[in-house]
Amino acid sequence: MTRHYVWDPLLRLFHWSLAGFFIANALLTDPESQLHETIGYAIAALLVIRLIWGVVGPHSARFSSFLPSRSGIRGQLTDMATGRRRIHLMHTPLGALMIFNLLLTLAAIVATGYMMTTNTFWGIDWVEEIHEALVTWAEISVFLHVGAVLFESLRTGVNLPRAMVTGTKSVPEGAKIEP
């Protein structure tokens, strides 16, 4: 195995904090409680930090470093269909799509959640319905994200969850590494 340092400490702290806060708000807190609202603000703060870090952070944290392309997506799907194993040191093209999906969905959840606390949108049904639909979409996306991480870990031989804890990807010897 060769080791490649990829994920910086701030990115990993963001990832696991966001995961914990999302689980807490989606599954554990009362949606009408002050704790639910406070956790929502914490998620908003994390998203702002990630947005800034996605512009000024190290290369692997920058959004520009993992913008998915059609050819990259096609290539990854072809790899999956044919059993070809190419390792992406950062996000795979499909993984990048999921990251952008989750960040945008969470931002919309935060926005609609905040809207429900204002006088203008207090008690407006469509805002709450959109908020709840976005939470459902985020839950589905998280489920798919975790499943895809496990699938890719098995398919490529790279323990992706460990990499998000340690910051280092251990790549099997001789594996083709994509830039």
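S153 is buried, with a relative accessible area of 13%; buried here means under 20% relative accessible area, exposed over 50%, and partly exposed in between, with a 1.4 Å probe and protein chains only. This residue is found in helix α5. Leaving aside its neighbours within four places in sequence, S153 is in contact with V158, N159, L160 and P161, where contact means heavy atoms within 4.5 Å.

The model is predicted: local features need pLDDT of at least 70, side-chain atom pairs count only at pLDDT 80 or more, and totals for chains, interfaces and linings use all residues. Residues are numbered from 1 along each chain as its sequence is written, and side-chain values use heavy atoms, with hydrogens and water left out.

**Overall layout**

The protein chain has six helices and four strands. Helices (H or I, at least four residues) and strands (E, at least two) are DSSP runs, numbered from the N terminus. Read from the N terminus, the order of elements is β-α-α-α-β-α-α-α-β-β. Along the principal axes, the C-alpha atoms fill a box of roughly 60 × 30 × 30 Å. The protein chain counts 179 residues, of which 38% are buried. Of the contacts between residues at least 6 apart in sequence, 67% join residues at least 24 apart.

About 10,500 Å² of the protein chain is exposed, and carbon and sulfur atoms supply 69% of that area. Accessible areas come from the Shrake-Rupley method with a 1.4 Å probe; for residues, only the protein chains shown count as cover.

**Contacts across the sequence**

T2 sits in strand β1, which covers residues 2-5, and is partly exposed at a relative accessible area of 28%. K169 is 167 residues away from T2 along the chain, yet their C-alpha atoms are separated by 8.1 Å. Outside the four places on either side in sequence, T2 is in contact with K169, S170, V171 and E173.

G75 belongs to helix α3, residues 70-82, and is buried at 17% relative accessible area. With neighbours within four places in sequence set aside, G75 is in contact with R84 and R86. The C-alpha atoms of G75 and T136 are 30 Å apart in space, with these positions 61 residues apart in sequence numbering.

**Salt bridges**

The structure holds five salt bridges, each defined as a side-chain nitrogen of Lys or Arg within 4 Å of a carboxyl oxygen of Asp or Glu. Three of these are listed below.

| Residue pair | Closest N to O distance |
|---|---|
| D79 and R84 | 2.5 Å |
| D79 and R86 | 2.8 Å |
| R155 and E152 | 2.7 Å |

D79 is buried at 2% relative accessibility. One of its partners, R84, is partly exposed at 39%, whereas R86 is buried with a relative accessible area of 18%. D79, R84 and R86 belong to a network of salt bridges that also includes K176 and E178.

R155 and E152 pair within helix α5: because they are three residues apart there, about one helical turn separates them. Both R155 and E152 are buried.

**Charge and surface patches**

The protein chain carries 13 positive and 13 negative charges, and their mean positions are 22 Å apart. Lys and Arg count as positive and Asp and Glu as negative, while His and the chain ends are not counted. The place of a charge is taken as NZ of Lys, CZ of Arg, CG of Asp or CD of Glu.

Patches are made of residues with over 30% relative accessible area and no salt bridge; like charges are joined within 9 Å, and nonpolar side chains (Val, Leu, Ile, Met, Phe, Trp, Tyr) within 5 Å. A patch of negative charge on the surface gathers D30, E32, D125, E128, E129 and E132. E132 lies in helix α5, residues 125-156, and is partly exposed with a relative accessible area of 44%.

A nonpolar patch on the surface is formed by V48, I52, V55 and V56, which together have about 370 Å² of accessible area. V55 lies in helix α2, residues 34-56, and is exposed, with a relative accessible area of 56%.
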